[in-house]
Amino acid sequence: MTHDEVFAKVREVLEEALGVDEDEVTPEATLGGDLGAESIDYLDIVFRLEKAFGIKISQAELMADNVLSDPQYVQDGKVTDLGMAELRKQLPHADLDTFDESRQVDEFPNIFTVESMVKFVQGKL
Amino acid sequence: MRWIWIDRILELERGRRCVTIKNVSAAEEVLHDHFPAKGDRPAQPVMPNTLIIEGMAQTAGIMVGHAGDFKEKVILAKITRAEFSDAARPGYTIRFTAEMDNYSKSGASTHGKCELIDPHTGESKPLAEIALMFSHIDHNMAGLAFPEHNSRLHRATHANVAGLGFPG
């Protein structure tokens, strides 16, 4: 499946899960910031991606939420050096460079862009 | 006390489907204010659509809880879609049919239809289509404390299901 084919299906999934318009789902749009995804929406997205692509996804592998709930990786609301290394290991599909500047946990949802979803799915096919 | 907004469970198939009914009565206070007479306009009592969603949430919630043997704390997390094609007036019965789309450790997604049954003729017609998301809160909120009344909810639902001869 080509990148464009994956993107088209991911866009459809995000339109349905988040109730957004097609033109809002650009490759660089962030799920949390631009498309308004809340925590439960990520589970909805996981279910829909599984169905659309016939793959099995655990929420942890998509979002590494286990890292953020681990005190050795997060201190005072910021991800530690160890935590950043773990995130980079677990989330090869995400662009973590901007997040690395602030490391604020509240900004974490912004690392997930539409393009990172496409990369994640491509890695599973 | 647990607030139950469905009257009877008709079918419960583990992890797949749940069918319930709710009778719409003019004696229910909520209908008196929705909508009262005003000026020349007579009263137009109909069940609020939000409460029709609640009925579906309870129906689907029982199905999701039952799928996990009522060991998970199940909460309604998202109304994915709700489309209404009619209004529920007193004297009719609403039949909720919920079906499971996905179920995982983190939660579940469901879809379902609501039908309006006329007890006089036995005929039914579409009322709404509703898709929902449920969260297993212990897995998503790091085990935050849950209100005690929710345990009673689980026990009440458990008893309701047990009364129908379902295990668990």
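## Strands S5 and S6 of chain B

In this predicted model, Thr110(B) stands opposite Leu132(B), a residue of strand S6(B). S6(B) covers residues 124-136 of chain B, and its pairing with S5(B) is antiparallel, with 11 bridges. Other positions show the pairing of these two strands as well. Leu116(B) faces Lys125(B) in S6(B), and Glu115(B) has Pro126(B) in S6(B) as its bridge partner.

S5(B) and S6(B) make a hairpin, with 6 residues lying between the two strands. Gly122(B) sits in that turn and has a positive phi of about 80°.

## The other neighbours of S5 and S6

Thr110(B) also has a partner in another strand, for it is the bridge partner of Met100(B). Strand S4(B), residues 93-103, is joined to S5(B), residues 107-117, by 10 bridges, and the two run antiparallel. The connection between S4(B) and S5(B) is a hairpin of 3 residues.

S6(B) pairs with strand S3(B) too, which spans residues 74-84. This pairing is antiparallel and has 9 bridges. Within it, Leu76(B) stands opposite Phe134(B) of S6(B).

## The sheet as a whole

These strands belong to an open sheet of 6 strands in chain B, ordered S1-S2-S4-S5-S6-S3 and paired in the antiparallel sense. Which strands stand at the edges? They are S1(B), residues 8-13, and S3(B); each has a single partner strand, so one side of each has no neighbour in the sheet. From one strand to the next, the twist averages 20°.

Helix H2 of chain B, residues 49-67, packs on this sheet. H2(B) touches S1, S2 (17-23), S3, S4, S5 and S6 of chain B. The direction of H2(B) makes about 45° with that of S4(B). A general point helps in reading such a sheet: along a regular strand, side chains alternate between the two faces of the sheet.

## Chain B along its sequence

Chain B contains 4 helices and 6 strands. Along the sequence, their pattern is β-β-α-α-β-β-β-β-α-α. The chain has 168 residues, and 32% of them are buried.

How much of the contact in chain B links residues 24 or more positions apart? Among contacts in chain B with a separation of 6 or more, such residues account for 68%.

## Helices H1 and H7 of chain A

Chain A offers examples of helix packing. Two packed helices are described by the angle between their axes and by the distance between those axes. H1(A), residues 3-18, packs with H7(A), residues 114-124, at an angle of about 120°, and their axes are 9 Å apart. The two helices are therefore oblique to each other. The crossing of H1(A) past H7(A) is right-handed.

On the H1(A) side, the residues that meet H7(A) are His3(A), Val6(A), Phe7(A), Val10(A) and Leu14(A). On the H7(A) side, they are Val114(A), Met117(A), Val118(A), Val121(A) and Gln122(A). Sorted by class, this contact has 8 nonpolar residues, 2 polar residues and no charged residues.

## Helices H1 and H2 of chain A

H1(A) also packs with H2(A): their axes come within 9 Å and cross at roughly 140°. That angle makes H1(A) oblique to H2(A). H1(A) passes H2(A) in a right-handed crossing.

Leu14(A), which takes part in the contact with H7(A), also takes part in the contact with H2(A). H1(A) further contributes Lys9(A), Val13(A), Glu16(A), Ala17(A) and Leu18(A). From H2(A) come Asp41(A), Asp44(A), Ile45(A), Arg48(A), Leu49(A), Ala52(A) and Phe53(A). What classes do the residues of this contact fall into? There are 8 nonpolar and 5 charged residues, and no polar ones.

## Where the two chains meet

The contact between the chains takes 7 residues from chain A and 12 residues from chain B. Which element of chain A gives the most to the side that touches chain B? Helix H2(A), residues 39-53, gives the most, with 5 residues. The side of chain A that touches chain B has 3 nonpolar residues, 3 polar residues and 1 charged residue. H2(A) thus appears in two settings: H2(A) meets H1(A) within chain A, and H2(A) gives residues to the side that touches chain B.

Note on methods: Residues are numbered from 1 along each chain as its sequence is written. Chains are lettered from A and ligands numbered from 1 in the order in which they are written. This is a predicted model: local features need pLDDT of at least 70, side-chain atom pairs count only at pLDDT 80 or more; totals for chains, interfaces and linings use all residues. Two strands pair if DSSP finds at least two bridges between them. Axes are lines fitted to C-alpha atoms, for helices over the stretch in contact, and angles run from 0 to 180 degrees between N-to-C directions. Angles under 35 degrees count as roughly parallel, over 145 as roughly antiparallel, 65 to 115 as roughly perpendicular and the rest as oblique. A crossing is left-handed if the near helix is turned anticlockwise from the far one by less than a right angle, and right-handed if clockwise. Ala, Val, Leu, Ile, Met, Phe, Trp, Tyr, Cys and Pro count as nonpolar, Asp, Glu, Lys and Arg as charged, and the others, Gly among them, as polar. A residue is buried if 20 or more other C-beta atoms lie within 10 Å of its own, exposed if 12 or fewer, and partly exposed in between; C-beta atoms are placed from the backbone.
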